[in-house]
Each structure stands twice: as C-alpha cells, then as structure tokens.
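Q: I should like to learn how strands, sheets and internal cavities are read from a set of coordinates. Could we work through an example together?

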Amino acid sequence: METVSLPHWPTHSLLVGRYMNLQTTPSTVVVHSCNKAPYRLQNRTPQAIKPVLTHRPKRKGLGRSANNTRCLIPINTSASGGSSDLLTTGRGSKNLKFGFINIRSLATKALLINDLILDHGLDMIGLCETWLKPNVFLPLNEATPPNYSYAHVARAHKQGGGVALIYRDFFNFTSNLENKFKSFEALVLSSSSSAMHSLSPFYMVVIYRPPGPYSKFLDEFGEFLSGLVTHSEQILVVGDFNIRINKADDPLNKAFSNLIDTFGFTQSVQEATHCNGNILDLVLSKGIVVSDLTVLSATSAVSDHFLIKFEASLACPVSGGTDVITSRHIGPSAVAAFSQQLPGVLAPLTVEAGSVENLTSSLNVALSSLLDTVAPLSTRPRRLKRSTPWFNEEIRALKQACRRLERQWRKSKLVVFYLSWHDSLLKYKRALGVAKAAYFSRLIATNKHNPRFLFETVAKLTKKQPSATTLSLTADDFQDFFGNKVEEIRQKINSESAAAPADSLAVASSPVVPTISVFEAVSLDTLSKLVIASKPTTCFLDPLPAKLYKESWPLLGSTMLDIVNLSLSTGIVPSSFKTAVVRPLLKKPHLDSSSLNSYRPVSNLPFMSKVLERVVFQQLSTHLAVNQLYEPFQSAFRACHSTETALTRVANDLLLAIDADSTSVLLLLDLSAAFDTVDHSILLERLTENFGVTGLARAWLNSYLSERTQCVMYNNTRSRFSNVKCGVPQGSVLGPLLFSLYISPLGQIIRSHGINFHCYADDTQLYLPIKADDPTEINRLEVCLAAVKNWMSLNFLLLNSDKTEMLVVGPPRHRHCFEQLTVLLDNCVISQSVAAKNLGVTFDPCLSFDRHIKDITKTAYFHLRNIAQIRSSLSMADAETLIHAFVSARLDYCNVLFSGLPQASTKSLQMVQNAAARVLTRTRKFDHITPILASLHWLPVHIRSDFKVLLLTYKILNGFAPSYLSHLLKPYIPSRALRSQNAGLLCLPRIKKKSAGGRAFSYRAPLLWNNLPADVRQSESVDSFKSRLKTHLFGLTYG
C-alpha cells in the first residue's frame, strides 16, 4: 500500500512579498500583492487535531491563474487542512459526505475527479479500477484537492484493478490490511477511537471484485468480514462487487446477502449503478447510519459506472472557530496611489534630519504607514480554493456550460441533451489538459534558471511525499537549540584551547599589507544597478515588498542613497539592518524532521540591508583581489573559482602521484557550526592585521557585527528576539566572505608542515604522498592535524573528529601495504573509508570515479522517470529545459574529472544521455540514437568532458581561472625559431601511465589544446570560443 502527503501546487518564482502580523494571532499571515486580482494567503488558527497518515497541506495562495501570482512569495502555512466546519478542538458528531465510483482508469480522469470532490463537497471518496501501476503517483496527486490525502493499493500483477481512497486530512487513518486475497482487492484504513472521539475505531474499506467464479470469493470475503467485526463496531465498506443485487434469483446475490446479514451489515444501494441497469456498486455499513444516498448517472466520458453519494454520521472533530486570512491587496491603483504620495512622504527625510539610525527608522515608519494607507490589511473567512492553478475564466465558462447541459438532461431525459452534455464534458476535459500544459510551460520558462524550484515542482507532481506528522517543535525551541548549540561548542573549545601547547600555535607574522581605511561613497547609478540585480526576496521585517521597492526605486533611490553613503561615511550600520529572521532548514531531505539536530539556521535579512552589504562586498573584494590578499587555495566566494576548479587541482595532484608510483592520503576535515562560532573580536583583528582593513572601514564592519539580533520563524510563528554574540549570518552577502578571511591563517599553518591542501569555505582537505616504509610521513600529517586542531580551538572553531574522513589513493598493487593505516586526531582514530564525498563528487581509492558515476546514473534515471510521467503535458522546449536542469547538469558537473577515462567507464552516463534524448523526442527504444543526438546538437558524454577541459584551458590562458590552475600549464617555447612558436601551443609533460598521469589536467589540457585548429584557439571571447569549439567537436563527432 502506498500513502502520500501532498503539498500545495507549485508557485511562481517571481512571487515577492510576504508579511506576517504576529501581534494578533501567532499564525495569522499577511500578504502584500501587486497584482490586478487579489492574492491572498490562507492560514488557520492552531488546531488540536494531529495530521494524518498522509497529508496534503493547504494551498499557499495560488490563484486560479498563474498570471495572478507573479509578485508574491509563498508562506509556509499550517499543516492542518480541511474545511472550517469540520476541524475542531472539541468533540461532536457530524454528517460527513461520502462518495464512490468505479472510475475505470484514473490517469485520464484525475482532474475530473478533483472537480467532482470539490463540486459535491465530499469528505471522502472511494475509487476502484484505478488501473495504476505501483509507484505511479501523478494521477493521484492531480485528483487530490488541497487539505485532502490519499491511500492507494495497486494490483501487484497484471494490468487493471487498483483501489484508492481520497479523504480529508482530519481522518487519522492507518493501514490495517494484513492478508491479501486472491478473489478481490481491498484497501482497509482505520481511524483510532481517540482521533474520532468514539469508543470504537472506525474502519473504512474499498473493495473491487473482478468478474469470475464466486465460491472462493464468498469464503475469502466471509473471513475478511470476520476479521473486521472482531476489531470494530463502526465499519463502512464501499466497492464494485460485480454482484447483480437487483436480480433476486441470482445465486450469488442470495449467498452474498446471507453472508452480510450474518455479520450484521446493511446494504443501502437500491438504484442501478451501471449503465446496463444493474446494481453492481454497493455500500455496506455496520454501526453507522447511512442516509441521503443518491446515485448520480454520468456520461461515458467519466465512467460506465455511476457516482454513489451518501451521508453518514460519525463522531469526529467539530468546528471550534472560523478560519480567517489577513491579506493586503496591492493592485495597480494602490501602486499608483503609493507612487503619487511617496514624494511627499520622503520630502522631510534628508541627511540633515539626523543620524543614519534616525533616517532609516523614519523611512521605515513612513513607508509602512503609507502602505497601510493605500493598501490596508483586510481580514475575511478562509474559503477552500480549487487546487488547480490553471483554472482560468475559459475553463470556468466551459464548466458552467457543461453543468447547465447536465441539469437540462436530468430534468428532461432527452437524448439530445445527453449527447450535448457528453460532448461538452469531453471538451471541458481537453481544455483542462491544454490549460495545465500552458500553466507548466509558463512556470518552467520563468524558473528555468532555478533548478531547485523545478525539482520541487516535478517532485510534487510525480513522487510520493513523506507522511505528514504533527511536530511539537516551536520557534522558541529552535531559538534555544541554535543558541545552546553555539554556547556548548564554545565551552568545549575553551576547555580544549586551555591545554593547547603554545609552540604549536605560532603563526608567522603577516607582512605589511596595503590598507583600506574607508568604504567610498557610491553613485546613484551604481546603487541602482545593484538594486536591479538583486533578487526580489522579501524579509518579514521589510516595510515594503521587495518588488514594490524595485518598482518605486526612481522615487526611493535618492533617499536610499543618502542612507547607504551616510552609513559608509560614519561607519554605522542601522540597527534595523542588523536584525535577521532565521528559518530552520533540513540539512538533508531524508533526515528526521522531528529532531532539532536535523536543521540548520539560514538568515533572511531586510532587502536594503543586503543592498548595503553588496556595496561593501564589492569594495572589499576588489581590495583583496587587486592586492592579492586572498588565500590562493581558498576557492569559495571568489570570481573565477568554483568547486570544479578546486577538485580539478586536487585530482590532478593525486593522479600525478599515482603516475609517480606513489600513494597519497586524503583527509577531509569537518567543522561543527563553523559560521555560527566565529569570534567577532578575532575577526576584526584579523581583518586589520592580515588584510589592511582600518579606520572607518573597520568601524563599519565592527558596527555590522555588533549588536545583532535575530528571531526564528517556524510554522508561521515567531520566537522571541535574542542577541547574537558571535558568528556571521548564513544567508547574508558579507557573511561567507568574512568567514573565508577568518580562516585564512589556516593555509599558512598547513604549508609550514609541507602538506598539500585546498579549502572551499569550511570544507578543508589535506593530501600528502606517502611511502609504505616511511612512517615519518604519517607522523608529519598527524603533527599538522594537531596544529590545525589547536589553531581552530583558539579561534573558536570545532574540528569534528568523528566526521573527518580519510581515503588512501594510489596504485592497486600498493594499496594492500596501507590497509591498516590510521591517523590519530585528538585521541580519535580515523580509519580509512572505502569512498568519500568531496564537494559533491565521490572519490574512490583508484580515482576511477566508478562509485560517483553510479550515483549520477541512479539519480539521473530517477529524474527521467519523473519527467517521462509528465512528458505528455510538456512542450518540446519545456521538456528540454527540465532535462537540462535535472540530467544534463548532473552529467556535466565536474566532468573535467572524467576526461581521459575509458569509454567503458562512462558508458552508463552515455546510456543516461541516450535515454534523456528518447524521452525528449519521444522516440522508440530501439531507434538508432546517433541521428537523434545530432538533431538535438548534443555532444556525447566523453566529448562533453573534453569540451569542459578545453573551455577551462581557454579561461586559464586568458586570465579567467584561478592561479593554482594557471601554474599547471606552460606555453610551448621552442629552443630555436620555428613556425609553431607563435601558434599558442602548450608544453606536453611526460607521463608514465596513461591511466593515471594521462588523465591529469596538466596533461589532458595541452594534449587537447594543441590539437585544436588555430582559429578556435585564437577566439576573441569566451562565448566565441565556446561556439567555435562546439562546432569543431560536433563536426568531428557526427561528420
């Protein structure tokens, strides 16, 4: 049995602007909208009901048209769902609405079932003959409205069959089917007596019995009912039994009636449920009164079976209040009024009016007050909205016409109205499909550069979501946890640093460095470019939505420029710019969401705060780059540096060591909460001594770091504010750069021990060639590790010995000599790993990357299966966008490391690319693939790896790559005058092994570069080089 938790439909990536009114109700949500139609975000007051086994959270503000969501950001709302007249904090009995239909293929009618549930207000509907295979979730996701969940049992063998139940979230259902029967299919769910406020658990059963011999069915069904009545007195069974109840003389009917009478069940259906006039679909109840049962005939566009609709009284949660939503509608008229009144509001706000603190505070108050005037908050009861965001006016008109024809046929019973209704329903169904495809096309086009959003969108449509659980975690819990974690780390570090030997901590004094004493004032043009380039991400603390900030920039620009330049000239950062809203994010999707340890804090800062940080970031990074003050082997947060360039250098050194018949030890160090434990006083001292930050520039950074506050936002509730005494905020603009400068002395310590290393933010890796008969090399590595550990302790960084990994990389015939090799770190023995994840790439002892290629292949096929499920709803361009985001991006990530590998090693990657091409072009499995790849202009996988090597080589030769890669390449200078001396060739180093040195970047780059035509090597720009190179390689590959 599969159960699934359904999230809301995906929202538009340009949605900007969200606010919460936390002064009234902790979970009240306030939304600013900048659309023609109001955009409101739903929310509800806290409930005592626990989420159910499977859950689909309520919709987060999606309108019926994608055009109505372009300027908002979704706010995570309460996990509870359902209509306001059902959810409760008390007890009561309620007439619930049930339905059942034999749908005969849900895949083609999922959207119609969604409509049917909402139109009839059903609390629960049973479906049989879904004809869905195991692990196919797209039709179920589409059929399930918001605030509903589903359970499904697919037929394990053969085609057809399948039973499902779609139900409101407040039913706390669990699966209760232990035995599988051969003569019928069953889905059994039970809701505990405590959840339903009754003395007995409630059992809900959906049955499908295929036509055939009935003797075995009677035996198995009798056994089945016996088990049910043993455990509960409230049982409801719906299903297609294929028993003609209307035929009194039918032997099966007689035997079946006697059987259900024996167990005290009542059969309530008395009208034909099939188009041939028979009663095949039944409602059996025990301990439950079924009332108002009606059979609604339908056209064959839905099913040849009819919908059974009835009510039943159950003890269940009852309403404890009315859900309300608070929203702010910022339409064109509000924007016009805002722009008209803004100059008058800004007139009193001048530099002469006071300090930067007063100016910023006055501006925030003025903007908030003006926004309240032109777009006041409004509160209204929450209404359950349609789950399909593509439901537009055209679709609504078609549906109204369809319902009108249906009413005419039911009133007159004339064939002409029946045929008109049938045709209208088919037209409506086709229009839904077209509208859905258009919606996703717009969504993909808008978010084509946002892979995470695209992944979440596809996953919500096609994959089983994790079951919803009621988390008892609160915002204050996260606030306490994050604060206590930092305090515990610092206390542990203090105890360790006290015992650190002084001689191991000595670091050579830094030479005199150029200084930067002030951050220069910027022009309005420079500031405008930064604002335009900024993402329209709004913080809860912003007085305006970020989109409105950008739209009003021609009027706001001068005042904001005064604030920015006044801050730079006085060295003071306004306090409102130093308050962060922390949002807990799961470190990895598979972690336990109920554990605080599974989360990391990410700060969301005011929009203008990040603009001010970008001004400082530009000037500080320019100072560091021009004066060459960066640590050469730190690749994070620097132009022309990336994880790929870092791994290229590390893999090159390891492969050359193997080529020299040496074995290397690779150590991957792990830090605990590194960003959160940075000591402010040490950071400021380091900025002055090592990087020349003095005067007002130092004062500004001191103001930026001091007196910071934060609160945690979780489940629409806000924690208390707390002071931040250490750390740099994750999610800020300056934080990552400041952290890389904070740990810069680490490189000097490692170099002093003669150890190779590379850093990427807080990820540090050490590697050293060793010999089996020379233990001094390992001793040198352990001494270096001890020095690193001690330095980190003095700088309030905690090196996590338990998560530090070691990998021995070398020739296979030598590795047996190092099988027992271990490294001692802080009295903790670090043993060898079979493989280690290094900046997203899995390294293995042979550097064959077989494990990494297997991981890529597995992940790529996972995404291809998802894309294939929705391929029929996508255009060619949209499908290609998804494939490039999910598949091609994974094939190309760090594929420099694959250059020179045998094609047998990359064969599985080529098969992935072939499968992606077939999904995209919808060609048959055994069609020849080469013409398809050529038509798509896709280079084969091994050629793409060489393409990346050549592109990186061009960047190195033209100054667009890190210096640590530039040192690997040497220009070819002949000993005497030759025609080739000005051809731009590179020296090809000598190697011993093609499988080792022949794969190193320092060898592959000259080898491939020297074979390029001169016109390609002499390209004027990166773009022209890429174009010419692809044309050249395409011609070599496909002729």
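A: Let us begin with pairing: two strands count as paired if DSSP finds at least two bridges between them. The model before us is predicted.

Q: In what order do the strands of the open sheet that contains strand 24 stand?
A: The sheet has 4 strands in the order 24-25-19-27, and the pairing is antiparallel. Strand 24 (756-760) and strand 27 (805-809) are at the edges with a single partner strand each, so one side of each is left without a neighbour in the sheet. Direction ignored, neighbouring strands of this sheet are turned by 15° against each other on average.

Q: How many bridges join strand 24 to strand 25?
A: There are 5 bridges between strand 24 and strand 25 (residues 763-770), which run antiparallel. One residue pair can be located directly: F757 has L766 in strand 25 as its bridge partner.

Q: How does one judge whether a strand is enclosed, and what is found for strand 8?
A: A residue is called buried when its relative accessible area is under 20%. In strand 8 (residues 185-191), 7 of the 7 residues are buried, so the strand is largely enclosed by the rest of the structure. Both of its faces can be followed: E185, L187, L189 and S191 point one way, A186, V188 and S190 point the other way, and all are buried.

Q: Which strands are joined to strand 8 by bridges?
A: Strand 7 (residues 173-175) is joined to strand 8 by 3 bridges, and the two run antiparallel. Within this pairing, T174 stands opposite S190 of strand 8. Strand 9 (residues 202-208) is also antiparallel to strand 8, with 7 bridges between them. Here L187 stands opposite V206 in strand 9.

Q: Is strand 4 mostly covered or mostly uncovered?
A: Strand 4 (residues 124-128) is mostly covered, with 5 of its 5 residues buried. M124, G126 and C128 point one way from strand 4, whereas I125 and L127 point the other way, and all are buried.

Q: In what sense do strand 4 and strand 6 pair?
A: Strand 4 pairs with strand 6 (residues 163-168) in the antiparallel sense over 5 bridges. The bridge partner of C128 in strand 6 is V163. L165 also has its place in strand 6. The relative accessible area of L165 is 0%, and the residue is buried. L165 and G126 are 39 residues apart along the chain, yet their C-alpha atoms are separated by 4.5 Å.

Q: How is empty space inside a protein found, and how many cavities does the search give here?
A: Rolling a probe the size of a water molecule over the atoms shows where empty space is left. In this model, a search of the whole structure finds 8 cavities of 30 Å³ or more. The largest cavity has a volume of about 70 Å³.

Q: Which residues line the largest cavity?
A: The lining consists of T648, A651, N652, L655, V896, L897, R999, A1000 and F1001. By class, these comprise 6 nonpolar, 2 polar and 1 charged residues. Helix 16 (residues 643-659) gives the most to this lining, with 4 residues.

Q: Which domains contribute at least three residues each to the lining of the largest cavity?
A: They are domain 4 (479-519 + 571-843) and domain 5 (850-1038), each of which supplies at least three residues to the lining.

Key:
Residues are numbered from 1 along each chain as its sequence is written. This is a predicted model: local features need pLDDT of at least 70, side-chain atom pairs count only at pLDDT 80 or more; totals for chains, interfaces and linings use all residues. Side-chain values use heavy atoms; hydrogens and water are left out. On a 1 Å grid over the protein atoms alone, a cavity is a set of points where a 1.4 Å probe fits but cannot get out, and a pocket is an open set with protein on both sides within 12 Å along at least five of seven lines; lining residues have an atom within 4 Å of a point. Grid points are joined across faces, edges and corners, and a volume is the space filled by probe spheres set on the points. Ala, Val, Leu, Ile, Met, Phe, Trp, Tyr, Cys and Pro count as nonpolar, Asp, Glu, Lys and Arg as charged, and the others, Gly among them, as polar. Domain bounds come from an automatic or database domain assignment. Buried means under 20% relative accessible area, exposed over 50%, partly exposed in between (1.4 Å probe, protein chains only). Axes are lines fitted to C-alpha atoms, for helices over the stretch in contact, and angles run from 0 to 180 degrees between N-to-C directions.
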